[in-house]
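Please open the model in your viewer and keep the sequence panel beside it, since each stop on this tour begins with a selection.

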Amino acid sequence: MWRRLLPTLNALSPKLSAERPGLAFIAAELPAQLETFVREAHIHAGRAPWRTTALFAALTAVPGEVRTVAAGGLDAFLDACPLDILHELGPACAAAPDVDADILAKLPLFGFTTLGSVRRLSRRHLQAQFGAAGAALFDLLDSARADSLLPDYRPPTEIRRRLRLEFDACEPCELLPQVRRLLLQAVADLGDLRCGLVTLELERSDGRAATAAKLLKEPTGDADILLGVLRALLPGLLDGQAVDVVVLRLGSLANARFVQERLLDRRVLVDAVAAPVLRRFPHGLKQAEIENPDAYLPEDGVRLRPWPLAVPPRR
């Protein structure tokens, strides 16, 4: 849903930064159209001269409305803004990656319940009380009046393959070989990348299109796994109408995960080796226990006991 929303936001402004699913910054070049979009989508939105302030305004906005903070009203806004809204940023938010939730619970005990009251503290105060997490909170609130330019939006990279059929088809058995053909081409282009989102689109002869997508649990480049996903998506896109174009897209591309293997084999546990030995020689293994570490001769300070491993009796 988030990936489908980004092109709509990009149509409102080329200046767009998608921080994470559910959070984006956009240059409000067309305020009226932006307000219409927010109202129709029923989402939280905030507008301000500065990026962080716009984020705070969005966190306190009513769904479907744009909360605006003017340059001259920043101090009054922060004084009325509860500190608890920072809980909604989440650990994945690029604006506050190091703000500890424990700080947000302790600050009200000192009487600091709003963003404005905490913003009056110095960096030295917060860092002395809460360490690096306190410094991160100061930097976040200090950026409430910091200018930050938005970059031009770059759509996520994806691999797209399109095939126009020689003859129209309307049955899964007719389309599946063509889908497999596109998939093999797309997987060959993946290289070392892995795909996390599979999208299949069928264009009909009347100009209409049907689209289905599947978000994978883990990114993969295995053609057999991806073909299984496409085989499950295909029947739901067919309604008896003839299809003349098939479009396949592999998105959410990520680098392959590499695992560091051991140079040498893992060390075998002693019990795993002792078990078969004791089955054949029940009293063949002993365990040394140190009784007198100060003995003149090492063997005088050690006592041998039977190996402490339960061995089933022979049958």
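The tour visits a helix pair, a cavity and a single leucine, in a model that is predicted.

**First stop: two helices.** Select residues 2–12, which form helix α1, together with residues 31–41, which form helix α2; these helices pack at an angle of about 160 degrees, and their axes lie 10 Å apart. Because an angle over 145 degrees counts as roughly antiparallel, α1 and α2 are described as roughly antiparallel to each other. To see where they meet, show the side chains of L5, T8, L9 and L12 in α1, and then those of Q33, L34 and F37 in α2, which they contact. Sorted by class, this contact of α1 with α2 comprises five nonpolar and two polar residues, with no charged ones.

**Second stop: the cavity.** Keep L12 and L34 selected and add S13, I26, A27, A28, E29 and L30, which together line the largest cavity. The volume of this cavity is about 30 Å³, and the structure holds one cavity of 30 Å³ or more. Its lining divides into six nonpolar residues, one polar and one charged.

**Third stop: L182.** Move next to helix α9, residues 172–190, and pick out L182 within this helix. Is L182 buried or exposed? L182 has a relative accessibility of 2% and therefore counts as buried, the cut-off for buried being under 20%. Leaving aside residues up to four places away in sequence, select what L182 touches: R161, R162, L163, V246 and L248. Finally, draw a distance between the C-alpha atoms of L182 and V247, which are 65 residues apart along the chain but separated by 8.2 Å in the model.

Methods:
Residues numbered from 1 in each chain as written. Predicted model: local features only at pLDDT ≥ 70, side-chain atom pairs only at ≥ 80, totals over all residues. Heavy atoms only, no water. 1 Å grid on protein atoms, 1.4 Å probe; cavity = no way out; pocket = protein on both sides within 12 Å on 5 of 7 lines; lining within 4 Å. Points joined across faces, edges and corners; volume = space filled by probe spheres on them. Nonpolar A, V, L, I, M, F, W, Y, C, P; charged D, E, K, R; others polar. Axes fitted to C-alpha atoms, helices over the stretch in contact; angles between N-to-C directions. Helix = DSSP H or I, 4+ residues; strand = E, 2+ residues; numbered from the N terminus. Parallel < 35°, antiparallel > 145°, perpendicular 65-115°, else oblique. Contact = heavy atoms within 4.5 Å. Buried < 20%, exposed > 50% of the residue type's maximum accessible area, 1.4 Å probe, protein only.
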